[in-house]
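Thanks for coming. I will go through some side-chain pairs and then one sheet, so please keep the structure open while I talk.

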Amino acid sequence: MAACSNDNDTTSPAETPSTVKLDNYSVTPVLAKTQAGFEGVKMYSLISSDDKLAASPDFMFGGSADGAGLLRDPDGKGFTMLVNNEDNMAISRLHFDETLRPVRGEYVLNSDGGRWRLCSATLVTPAEHGFGPYFLSAGESAVDAQTHLIQPFADNNTQSTPKGVKGLGYWSAENAVPLPKTAYANKTVVLTGEDASDATGGQVALYVSNAVGDLDGGQQYMLRRKDLNQREKDMVVGQKYEVEFATIPDHKNLTGSQMQAQVDPLKAIKFGRVEDLDYRKGSGANGREVYFNVTGQDFTGVNADQSRTKWGRTYRLLLNEQNPLQGTLEVILDGDDRTGKAKDFQNPDNICVTQNYVYIQEDSNGYGAETHDAYLYQYNIATGELKKVLELDHRRTETDKDKYNVTGNTYTPATSSKGSWEYGALVDVSDVVGQPNTFTLCIQPHSWRAQKYKDGGAKPNNGNDQASQVVVLSGLPR
């Protein structure tokens with residue numbers, strides 16, 4: 001649900017009155033602050049790595065919370081959330097009562113099973129996608145990484161057993177996002193964004209099967225321009241480019257390295273690290289309107305020719321109504337234009353698309369010229385207006401500043417540089433909890449560190465000592 005569905009409940013909110021009571025259930029303060037114009041958005045601290053849950057006192061919520069998804073329990077009496085703990089290479093499962101109070105947690109994947117950094121994720125449901133429920137968790141940081149398939153309610157999610165989906169190929173992936181069932185009837189269409197910065201760059205991949213729910217028997221493709229120009233920055237704001245998806249021959253029998261060896265022969269576009277993807281909500285046609293972030297890479301090494309974005313971009317991909325292999329691509333926000341509307345971009349990462357807005361969440365690539373802590377932006381699809389919604393709050397002037405800004409266990413300004421924290425998934429959970437304009441947001445406060453976080457979390461822990469947090473936003477427009 002980092003590809004944020006707004007229709008993943010098994011019962012209609014109109015039929016089931018909401019019992020949810022939004023509140024600060026965590027001991028940790030909300031590590032974000034609203035920006036001008038969004039003072040009416042209320043924020044609640046839902047859970048953090050410092051919380052002890054009554055029904056599982058030995059459970060510690062892991063660090064680097066990223067991809068996430070929330071489901072109503074089958075009995076209708078509570079909720080279940082799955083969360084990627086990115087740098088822990090693990091997936092936690094959180095259980096909430098009918099009020100959305102966290103009561104219990106466990107891990108469905110530890111670092112032995114996760115194997116790679118687990119970035120964004122998509123919660124696949126029958127209501128939205130026509131199959132599932134599954135939690136597709138994308139592995140990153142290796143050319144042979146895979147996307148894991150987790151069954152949200154299964155008791156047999158053996159923590160140390162990898163659950164890679166071979167049919168979705170080998171990518172250093174940020175997310176794998178199935179389009180809604182209304183986009184292409186009787187098909188399974190999955191888009192994957194590859195967060196790679198090597199000579200072949202990051203790719204946008206497409207998987208198509210002619211059977212609903214089939215993640216193994218289909219074909220995979222790479223995105224390219226029809227004129228076969230592979231340079232990302234040869235595309236500019238204000239123009240649309242004809243694109244197509246080129247077949248990757250025998251993709252299921254290729255290693256990750258062999259997959260990358262197809263980039264140049266297929267003339268695929270070399271993006272500067274593709275991050276999260278999501279589709280517009282609201283109708284079948286909207287489901288073919290896809291947005292994705294490219295976070296960028298410095299103008300050094302393979303990008304010394306400045307062929308790829310440095311500060312990041314947001315793209316809109318419009319797929320053909322009859323054929324998902326055809327479409328148009330356009331740059332809607334360009335961070336490298338330091339006088340344009342996206343001039344403040346510090347490397348966009350996660351993305352959440354509703355019916356009317358694109359919510360864009362910043363990371364930072366640590367160039368040293370960052371001017372602010374990570375923003376969450378709102379892009380108005382109808383008008384193109386871009387607004388700042390949130391900024392992460394390092395609490396640098398609070399009495400507890402040392403806790404959240406640590407290297408070793410000592411606070412220094414250098415350990416809390418601008419932009420050093422990032423967001424994880426923003427997820428529209430309005431229809432799940434029965435309350436409009438309600439979202440969950442994962443926060444990765446990378447300088448919030450301690451030995452206890454290294455000792456806790458999934459067992460075995462891969463040695464990461466970070467903490468993290470999930471908050472609820474109420475009143476954020478959809």
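Start with Glu244 and Arg224, which form a salt bridge with their closest N and O atoms 2.9 Å apart. Glu244 belongs to strand β14, residues 240–247, and Arg224 to strand β13, residues 219–225, so this pair ties together parts that lie 20 residues apart in sequence. Both Glu244 and Arg224 are buried. Keep in mind that this is a predicted model.

In general, side chains of opposite charge can pair when their charged atoms come close. How many salt bridges does the structure hold? The count is 28, and I will pick out a few more.

Next, Asp298 and Lys310. Their salt bridge has its closest N and O atoms 3.5 Å apart. Asp298 and Lys310 both lie in the loop between β16 (289–294) and β17 (313–319), so the pair ties together parts 12 residues apart in sequence. Is Asp298 buried or exposed, or something in between? Its relative accessibility is 29%, so Asp298 counts as partly exposed. Lys310 comes out at 17% and therefore counts as buried, because the cut-off for buried is under 20%.

The third pair is Arg478 with Asp428, a salt bridge at 2.8 Å, N to O. This one links distant parts of the chain: Arg478 is in the segment after β25 (469–474), while Asp428 is in strand β23, residues 422–428, and they are 50 residues apart. Arg478, at 22% relative accessibility, counts as partly exposed. Asp428, at 2%, counts as buried.

Salt bridges can also join up into a network. Here Glu86, Asp87, Arg117 and Glu140 are linked in that way.

Now the sheet. Which strands form it, and in what order? Nine strands make an open sheet, running β10-β11-β12-β13-β14-β18-β17-β16-β15, with antiparallel pairing. At the edges are β10 (173–178) and β15 (274–279), each of which pairs on one side only. On average, neighbouring strands of this sheet are turned by 30 degrees against each other, direction ignored.

As general background, strands of a sheet pair through backbone hydrogen bonds, either parallel or antiparallel. For a concrete case, take β10 and strand β11, residues 188–194: they pair in the antiparallel sense over five bridges. Within that pairing, look at Val177, which stands opposite Leu191 in β11.

To connect the two topics, go back to the opening pair: Glu244 is in β14 and Arg224 in β13, and in the order of the sheet these two strands are listed side by side. That is where I will stop.

Key
Residues are numbered from 1 along each chain as its sequence is written. This is a predicted model: local features need pLDDT of at least 70, side-chain atom pairs count only at pLDDT 80 or more; totals for chains, interfaces and linings use all residues. Side-chain values use heavy atoms; hydrogens and water are left out. A salt bridge is a side-chain nitrogen of Lys or Arg within 4 Å of a carboxyl oxygen of Asp or Glu. Helices (H or I, at least four residues) and strands (E, at least two) are DSSP runs, numbered from the N terminus. Buried means under 20% relative accessible area, exposed over 50%, partly exposed in between (1.4 Å probe, protein chains only). Two strands pair if DSSP finds at least two bridges between them. Axes are lines fitted to C-alpha atoms, for helices over the stretch in contact, and angles run from 0 to 180 degrees between N-to-C directions.
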